[in-house]
Amino acid sequence: MKNLYNKILSKETKLAIIGLGYVGMPLAVAFSKKVDTIGFDVSEEKIRTYQQGKDPTKEVGDAAIQNCTVDFTCDSTRLKEANFLIVAVPTPIASDKWPDLACVTSASRLIGQNLTKGSIVVYESTVYPGVTEDICIPILEKESGLKCGVDFKVGYSPERINPGDKVHRLENIVKIVSGMDAESLEEIAKVYELVVEAGVHRTDSIKVAEAAKVVENSQRDVNIAFMNELAMVFDRMGINTLDVVSAMNTKWNALGFYPGLVGGHCIGVDPHYFIYEAEKLGYHSQLILSGRRINEKMSSFVGEATIKQLILANKTVKQAKVAILGLTFKENCPDIRNSKVVDLIEYLRSYGVSPMVVDPNAPAEEVKNEFGTDLVTLDDLQDMDCIIFAVAHDEFKKIDMAKLESMFGNYRNNEKVIIDVRSNLNKAELERQGYRYWQL
């Protein structure tokens, strides 16, 4: 394994990315600028999309896909051509909130079946401490017949891609790297330094790197939960949360967190990996679990506020025409995984409300297949009783008063309900116009 870095640079061997989603695809494109890169995914449809030069994730754009040299394939035997393999497959949670390692174990089996001597396998998928060494290595050994530490080595480098973020990119986010020994650590670090301009942070062990990933997102989850709890209490007090936060943030050590719906594949998932492993070791999480519970119920809190505002506006709830703007888990990205807007839709449906949903970023076919919801456009919104601004897409920020007015029915402004989840609208102007306005 020593000098594998030089072999990759000289193109004596290849680098392979397993899993071409929001994490794997940008990695593959970046590495292809430096070394021979195989991009593997089990989805034939996804591979065809990339081969056609299209980027459904919008992470790097169609032009980058069209101009890159990634060898896209769904033929797992092609992995034999690579000696540096990076696993970037999803690690979601199951319905019981426990970790679902099906994708990472399946990827390990595929790699093991095609693993050659002298290789290094690096996992990027979010896992709890111990998964790489206790679960993945045995699978690799069983499927390959090779011995870890002798015939191949393993490392872990947690992904830090922030979907939809055009500022914090793969290249300028410090990369945590780890290896099973000093030799593999240095080889892994040098390979990642090819594409990560911000540099790498070497950790003492694989478990430390695994823990760092779940902790950094659990930290954000807990802080947002604190703001969400404040928002629920301030709502009862009749105090505007944003006004309080704006005042608080004038202090130098304020953390800058805001209330909101916490979904997605990282913050809404990673804490459960930490909680799971803690429970296995006999420790019942208190703070992290409490924070997760608070964030999980925010969709119903927003739904309850919506129903209340409809009643106060003299609307018959079951007959109310409600529109939700935004379905993805965050702004300006097409990722609908673990979107808490879906929970909001279900809450409203439980009251007989069938909301119309607008999201120009979400994949319409996937939304239909996953949630049974047909997306509409802003122009389809007419005679609305209530509009919920759920996700702060740039397209929604551009909506002016005239456009907003055109989407409502022909009745008094105090009977027009606006729910501003992300607090991005002009509160003063809307209230001056007499709209019934509520913000989280």
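**Cavities inside the model**

Me: Which helix gives the most to the lining of the second largest cavity?

Reply: This is a predicted model, in which local features need pLDDT of at least 70 and side-chain atom pairs count only at pLDDT 80 or more, while totals for chains, interfaces and linings use all residues. Residues are numbered from 1 along each chain as its sequence is written, and side-chain values use heavy atoms, with hydrogens and water left out. A cavity is a set of points, on a 1 Å grid over the protein atoms alone, where a 1.4 Å probe fits but cannot get out, and its lining residues have an atom within 4 Å of a point. With 4 residues, spanning none outside 340–349, the largest contribution comes from the helix (a DSSP run of H or I, at least four residues, numbered from the N terminus) called α13.

Me: How many charged residues are in the lining of the second largest cavity?

Reply: The lining consists of Val-342, Ile-345, Glu-346, Arg-349, Phe-371 and Thr-373. Asp, Glu, Lys and Arg count as charged, Ala, Val, Leu, Ile, Met, Phe, Trp, Tyr, Cys and Pro as nonpolar, and the others, Gly among them, as polar. By these classes the lining has 3 nonpolar residues and 1 polar, and the charged ones number 2.

Me: How much space lies in the largest cavity?

Reply: The search of the whole structure finds 2 cavities of 30 Å³ or more, and the lining of the largest includes Val-23, Glu-124 and Arg-169. A volume is the space filled by probe spheres set on the grid points, which are joined across faces, edges and corners. For the largest cavity this space is about 70 Å³.

Key:
On a 1 Å grid over the protein atoms alone, a cavity is a set of points where a 1.4 Å probe fits but cannot get out, and a pocket is an open set with protein on both sides within 12 Å along at least five of seven lines; lining residues have an atom within 4 Å of a point. Helices (H or I, at least four residues) and strands (E, at least two) are DSSP runs, numbered from the N terminus.
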